[in-house]
Amino acid sequence: MEEKGKLDNYKVGSLPTIIYVPDFITDSDQSFLLKNIYGAPTSKWKLLKNRRLQNWGGVVHEKGLLPQTLPPWLTSLSQRICEESGLFPSAINHVLINEYLPNQGIMPHQDGPAYFPVVAILSLESPVVMDFTPHARLKLDPQHVTDRDSDEGAFEIGEDKWLDDHHPFSVLLMPRSLLIFKDKAYSDYLHGIKDCAVHCYDGAVNETEALKHNESNRHLFSSEDAVETIGKEEYKNLSRTSNRISLTCRLVPKVHKNLFRL
């Protein structure tokens, strides 16, 4: 019988498998990571249209990974994620570090086929809301939806109807938290972050867990970055007033030592 990971009790939402771990690292761990990230050579940063990033572990090709050794400060983090999650068949060998300004996000996307279908995202500094949207292939054409379809599992959000139990949802990512997702959340959904400075977290699948973190850790970030918890439902917003750093940790199973063998 396969041993469950230490993080199994942190599952959130109705889909298998979404794991949200508040306070996965300490405040001093966060400072250590930020020191190494911003201490990297300027050439390590790649400037994109809506953010900048660092690529660690090598170049991901459609046929696999052209590897480079992860630095020790990332190896220790990736090893801990592997050991405590129990979801990766071998060591994480690739880490993307993204920096988002307060009004920057990333368009809905799915990770490429070169990766093992599990992703772990560590969030630093500013909180943010990540949105998950079912693939377009799972949306039913309203003109072809019948009462029978509705009875047999089409899920409705507003005017959209979705096959089976698929439906859009969001996850509130607080500083120092770890998000891991696999299964349907990985294969059937796109994930993204809105390009705006104010995010609404109303109905987030981990709202309760994230707000517990918020109340107990207000001293760790400014009042502007704290999540608003007082008021009516329409006031469940967070203001992104500082940068957010994310570390996306993944495994590329196929590793190529020689470029000419691709």
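**Exercise 1. Determine which side chain the side chain of His135 contacts, and decide whether His135 is buried or exposed.**

Solution. In this predicted model, the side chain of His135 makes a polar contact with the side chain of Gln110, at 2.9 Å. The next step is to place the residue: His135 belongs to the loop between E9 and strand E10 (139-140). For the last step, the cut-off for a buried residue is a relative accessible area under 20%. His135 has a relative accessibility of 11% and therefore counts as buried.

**Exercise 2. Establish the strand order of the open sheet formed by four strands, and state which strands are its edges.**

Solution. Begin with the principle that strands of a sheet pair through backbone hydrogen bonds, either parallel or antiparallel. Here the order is E7-E15-E9-E13, and the pairing is antiparallel. The edges are strand E7 (106-109) and strand E13 (169-173), each of which pairs on one side only. From one strand to the next, the twist averages 20°.

The pairing of E9 with E13 can then be examined in detail. Strand E9 covers residues 128-134, and five bridges join E9 to E13 in an antiparallel arrangement. Within these strands, Val128 is found opposite Leu173 of E13.

**Exercise 3. Describe the largest pocket: what is its volume, which residues are closest to its centre, and which strand gives the most to its lining?**

Solution. The approach rests on a general idea: rolling a probe the size of a water molecule over the atoms shows where empty space is left.

1. The largest pocket holds about 340 Å³ of space.
2. Its lining comprises 19 residues, of which Leu96, Ile106, His109, Asp111 and Arg250 are the closest to the centre.
3. At least two lining residues come from each of strand E6 (94-100), E7, strand E15 (189-193) and strand E18 (244-250).
4. E18 gives the most, with four residues.
5. By residue class, the lining divides into eight nonpolar, seven polar and four charged residues.

**Exercise 4. Carry out the corresponding analysis for the second largest pocket, identifying the element that gives the most to its lining.**

Solution.

1. The volume of the second largest pocket is about 200 Å³.
2. It is lined by 14 residues; Gln68, Thr69, Leu70, Ile92 and Asn93 are the closest to its centre.
3. Strand E5 (64-67) and helix H2 (72-85) each supply at least two residues of this lining.
4. H2 gives the most, with three residues.
5. The lining residues divide into six nonpolar, seven polar and one charged.

**Exercise 5. For Glu125 and Arg176, which are not glycines, give the value of the positive phi, and classify the accessibility of each residue.**

Solution. Take Glu125 to begin with. Its phi is positive, about 65°, and the residue is located in strand E8 (residues 118-125). Since its relative accessibility is 30%, Glu125 counts as partly exposed.

Turn next to Arg176, whose positive phi is about 75°. Arg176 is in the loop between E13 and strand E14 (178-182). With a relative accessibility of 5%, Arg176 counts as buried.

**Exercise 6. Locate the cis peptide bond at Thr17 and give its omega.**

Solution. The cis bond joins Pro16 and Thr17, and omega is about -5°. As to its place in the chain, Thr17 lies in the segment before strand E1 (18-21).

Methods. Residues numbered from 1 in each chain as written. Predicted model: local features only at pLDDT ≥ 70, side-chain atom pairs only at ≥ 80, totals over all residues. Heavy atoms only, no water. Pairing = 2+ DSSP bridges. Axes fitted to C-alpha atoms, helices over the stretch in contact; angles between N-to-C directions. 1 Å grid on protein atoms, 1.4 Å probe; cavity = no way out; pocket = protein on both sides within 12 Å on 5 of 7 lines; lining within 4 Å. Points joined across faces, edges and corners; volume = space filled by probe spheres on them. Nonpolar A, V, L, I, M, F, W, Y, C, P; charged D, E, K, R; others polar. Buried < 20%, exposed > 50% of the residue type's maximum accessible area, 1.4 Å probe, protein only. Polar contact = N/O pair within 3.5 Å; in protein donor to acceptor, adjacent residues only side chain to side chain.
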